[in-house]
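This briefing looks at helix packing, salt bridges and the environment of selected residues. Please read it alongside the sequence and the coordinates.

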Amino acid sequence: MNELLLIILIIAVVFIFGRLNSKIKRLENEVSQLNKRINTSLDQPKTIQDPNLQEDHTAVTQDNILKASTPLETPATNNSPILPQEKNWITPVTDFLKQNALTVIGIFTLVLGIGYFVKYAIDNNWIGETARAGIGLCTGAGILLTGYFLRKNYGVFSSIITGGGIAVLYFTTTIAFREYHLFTQNTAFAVATFITIVSILLSYYYKSEILIIFSLIGGFLAPLMISTGQSNYYFLFTYLTLLNIGMLVLVFLKQWRSIGWVSFFFTTLYILYWTYNQPQLLSIVFYSINYIIFYVFALQEYIRKKTLSASDILMLVLINFSSIIGMVYIFNKLNYEPSAIFPIIFALVNGALLFRENAQKNIGIAYSVFTGITISLVTIAIALLFKVHLITSVWAVEATLLLFLWKKTNLKIFKTCFSVLFPLVIIAQIMTWLQYINANQLAVVFNPIFLTSLVTIISMVVNLFLLKKIHETQKQGFFPEAIFSTISYAVIYTAMLLEIIYHISGMQGSVMISISVLFSIYYLFILLLLKEQLSLSNSFQTGLIYIFLFLVAVHVSFSASEVSTSILSHTIPFSFYCIHLLYWLPFLYLYITTPRSSNFYTTKISYWIISFVFVLSVSSTFYHLYILITANNIPSSYKASRHFNILYLPILWTVIATAFIYIGLQKKNPEYNKIGFALIGIMVVKLYAYDVWQMDNISRIIAFIILGIILLLSSFTFQRLKNIITNLVEKQDENMHS
């Protein structure tokens with residue numbers, strides 16, 4: 001008895017709150033109408049009477065001011081084409097839930113109360129299984145009737161309790177089938193389908209978008225409610241197709257666009273699960289049907305008004321690419337050819353609309369959208385002909401398409417989708433690279449892994465190009481461009497490096513290391529060489545130069561030692577050392593051109609770093625050449641190494657130091673002078689502290705004489721240049737005074 005009183009009390013509370021909500025909504029409508037009247041009266045043009053001329057001059061309204069200012073403001077903000085205003089279908093849903101939260105909670109509580117009451121009755125054996133189901137169905141029907149009688153005076157409240165009644169009917173049918181086995185599966189499915197049809201008709205009758213959303217959700221969940229675990233995909237997707245056709249009719253009749261997205265979400269989940277769990281040719285038929293349904297849904301506004309909204313464009317992208325993924329996956333699993341037929345067919349469909357836009361000279365948003373989709377589909381078709389990996393390639397092309405649409409429309413939705421999809425492309429590409437581990441006998445370049453990487457590389461290059469064309473005001477909220485560029489260049493570098501490593505993996509370790517580092521050096525060199533075409537910022541260039549110098553230092557120290565050891569061991573030929581020395585070409589070019597082309601020398605430490613790498617490179621080159629020429633094997637190389645370090649290295653450093661001092665005086669750059677004198681100091685300390693005690697008498701005499709002559713010549717040259725510079729400065733001062 002207490003439970004029954006509690007349920008009656010809940011119903012009364014819900015009813016009272018429903019009335020209060022309705023009154024509040026009525027007051028809001030009255031306030032809204034009052035505001036409209038006030039705005040209308042304010043917008044009416046007023047006249048100003050000129051006392052002298054006795055003429056009426058119409059006052060300039062606010063709308064006229066806005067119209068006059070628009071052409072001046074638009075170019076300053078954005079030159080992108082303007083999309084038609086789209087009806088926001090998310091805001092009404094959220095506003096509805098905010099304004100009717102108590103009513104929603106009330107009907108939810110009522111459904112729970114009825115459920116607990118039935119459970120209590122079952123626990124006490126008051127009613128049997130058939131009666132239990134009957135009570136549930138009668139309760140749901142009673143709630144529906146209550147909503148029907150309240151529809152005139154309490155429209156919102158009646159829609160909410162109608163949704164609650166539908167939920168009761170669904171749950172009762174499910175329990176009657178799964179727990180009590182009162183129905184067969186076909187009967188239960190027929191009942192669930194009937195409930196779905198009734199709920200959709202009631203939604204249409206009540207003109208309630210919220211109600212039809214919940215009705216569709218119930219319709220899509222009905223197969224799960226009465227499922228026995230045995231798959232009958234033909235029956236399931238026939239039912240889903242009929243449900244989607246009904247959705248499409250309602251969208252054209254009522255312009256309820258939210259229900260299309262609900263249908264697309266559930267249909268995609270069902271068909272992708274079917275594709276993964278049991279791929280068969282029958283799925284292709286349903287993919288094609290769904291493609292037509294949702295393609296028409298996306299073109300609804302285009303058919304009616306010749307416009308495409310943001311949600312329409314997003315639906316076109318999703319339906320094309322999701323259908324391609326499913327269909328191609330099925331063909332690949334069943335070993336059918338050619339899988340590229342599907343993107344080609346879809347490209348023809350979009351190309352027909354593109355041709356129509358071009359024939360009518362409509363070079364606008366729709367033209368750009370159909371162009372982007374068509375080119376993307378053709379790109380995927382070409383990639384599939386070379387057996388690339390499906391998901392990675394499709395996601396890479398789709399990401400580029402989203403970036404292109406963002407550039408053309410300046411809509412945040414495409415920027416958000418690109419920001420979500422771009423990391424997924426990176427993850428998918430990494431998963432593709434991992435297949436190198438177990439791959440056997442892949443062809444050079446023309447293999448599925450690298451061709452997939454090539455699609456991603458092309459996508460990254462196009463992304464970088466598009467991002468440079470996007471106005472800075474559009475990039476607000478986008479992750480930093482420097483990070484995006486770094487990731488893109490890193491992906492391109494990794495893709496090519498892994499392909500090289502795979503094909504040289506059978507060679508000596510020293511060869512692999514040397515070629516890998518050499519490729520890295522040349523990759524950075526090409527980026528720096530194309531800095532203007534790639535629009536690299538000065539800070540980005542400086543970072544690349546530091547990495548370049550680090551790789552050169554690694555190459556001339558670690559890699560050079562490994563190569564020399566392998567040559568002395570007779571495992572690789574001496575000619576490979578010539579390949580190792582190819583790093584000098586980019587290094588010398590950057591060493592000469594860097595002062596004129598970047599801000600690398602804004603800090604003094606940069607002079608010391610690049611000079612250190614230069615000294616290290618020269619010393620390493622002469623050192624290993626001397627070892628390889630004079631030694632025939634590894635034991636004999638020890639003596640040659642000691643002889644070079646003691647006798648020839650100090651001479652080499654003295655020559656380099658002299659060159660630094662000369663450059664510093666010629667360019668009036670004191671940093672080079674400091675570097676030169678520092679190197680001389682290191683050489684002198686090394687000579688007197690260690691080398692002199694390791695030489696024989698003849699070597700000691702030769703070393704001291706040669707070094708002495710070089711130092712004296714350096715000092716003489718330094719003094720002479722200093723005097724020349726002093727005389728030039730004095731002459732300039734005299735000319736200034738005269």
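The structure holds zero disulfides, and it should be read throughout as a predicted model. Two cysteines can be placed by their accessibility: Cys-138 counts as exposed, at 57% relative accessibility, whereas Cys-578 counts as partly exposed, at 47%. A search of the whole structure finds five salt bridges, and three of them are described below together with two helix pairs that involve α9.

**Helix packing around α9**

- Helix α8, which spans residues 209-225, packs against helix α9, which spans residues 233-254, at an angle of about 170°, and their axes are 10 Å apart.
- Because angles over 145 degrees count as roughly antiparallel, α8 and α9 are described as roughly antiparallel to each other.
- On the α8 side this contact is made by Ile-212, Leu-216, Gly-219, Phe-220, Ala-222 and Pro-223, while α9 contributes Leu-236, Tyr-239, Leu-240, Leu-243, Asn-244, Met-247 and Leu-250.
- Sorted by class, the contact of α8 with α9 comprises 11 nonpolar and two polar residues, with no charged residues.
- Helix α9 also packs against helix α11 (residues 282-298), here at an angle of about 10° and with the axes 10 Å apart.
- Since angles under 35 degrees count as roughly parallel, α9 and α11 are roughly parallel to each other.
- From α9, the residues that make this contact are Tyr-234, Phe-237, Thr-238, Thr-241, Asn-244, Ile-245, Met-247, Leu-248, Val-251 and Phe-252, and from α11 they are Leu-282, Phe-286, Ile-289, Asn-290, Ile-293, Phe-294, Val-296 and Phe-297.
- The contact of α9 with α11 divides into 14 nonpolar and four polar residues, and no charged residue takes part.
- Asn-244 and Met-247 of α9 are listed in the contact with α8 and are listed again in the contact with α11.

**Salt bridges**

- Arg-257 and Asp-312 meet through their side chains in a salt bridge, with an N to O distance of 2.0 Å.
- Arg-257 lies in the loop between α9 and α10 (258-277) and Asp-312 lies in helix α13 (residues 310-333), so this pair ties together parts that are 55 residues apart in sequence.
- Both partners of this bridge, Arg-257 and Asp-312, are buried.
- A salt bridge also joins the side chains of Glu-337 and Lys-387, at 2.5 Å from N to O.
- Because Glu-337 lies in the loop between α13 and α14 (341-359) and Lys-387 in the loop between α15 (365-385) and α16 (390-409), the pair ties together parts that are 50 residues apart in sequence.
- Glu-337 counts as exposed, at 53% relative accessibility, whereas Lys-387 counts as partly exposed, at 45%.
- The side chains of Arg-356 and Glu-357 likewise meet in a salt bridge, with 3.8 Å from N to O.
- Arg-356 is partly exposed, with a relative accessible area of 26%, while Glu-357 counts as buried, at 5% relative accessibility.

**A buried serine in α19**

- Ser-485 lies in helix α19, which covers residues 481-503.
- With a relative accessibility of 8%, Ser-485 counts as buried, because buried means under 20% relative accessible area.
- When neighbours within four places in sequence are left aside, Ser-485 is in contact with Leu-464 and Lys-468.

Notes:
Residues are numbered from 1 along each chain as its sequence is written. This is a predicted model: local features need pLDDT of at least 70, side-chain atom pairs count only at pLDDT 80 or more; totals for chains, interfaces and linings use all residues. Side-chain values use heavy atoms; hydrogens and water are left out. Axes are lines fitted to C-alpha atoms, for helices over the stretch in contact, and angles run from 0 to 180 degrees between N-to-C directions. Helices (H or I, at least four residues) and strands (E, at least two) are DSSP runs, numbered from the N terminus. Angles under 35 degrees count as roughly parallel, over 145 as roughly antiparallel, 65 to 115 as roughly perpendicular and the rest as oblique. Contact means heavy atoms within 4.5 Å. Ala, Val, Leu, Ile, Met, Phe, Trp, Tyr, Cys and Pro count as nonpolar, Asp, Glu, Lys and Arg as charged, and the others, Gly among them, as polar. A disulfide is a pair of cysteine sulfur atoms within 2.5 Å. Buried means under 20% relative accessible area, exposed over 50%, partly exposed in between (1.4 Å probe, protein chains only). A salt bridge is a side-chain nitrogen of Lys or Arg within 4 Å of a carboxyl oxygen of Asp or Glu.
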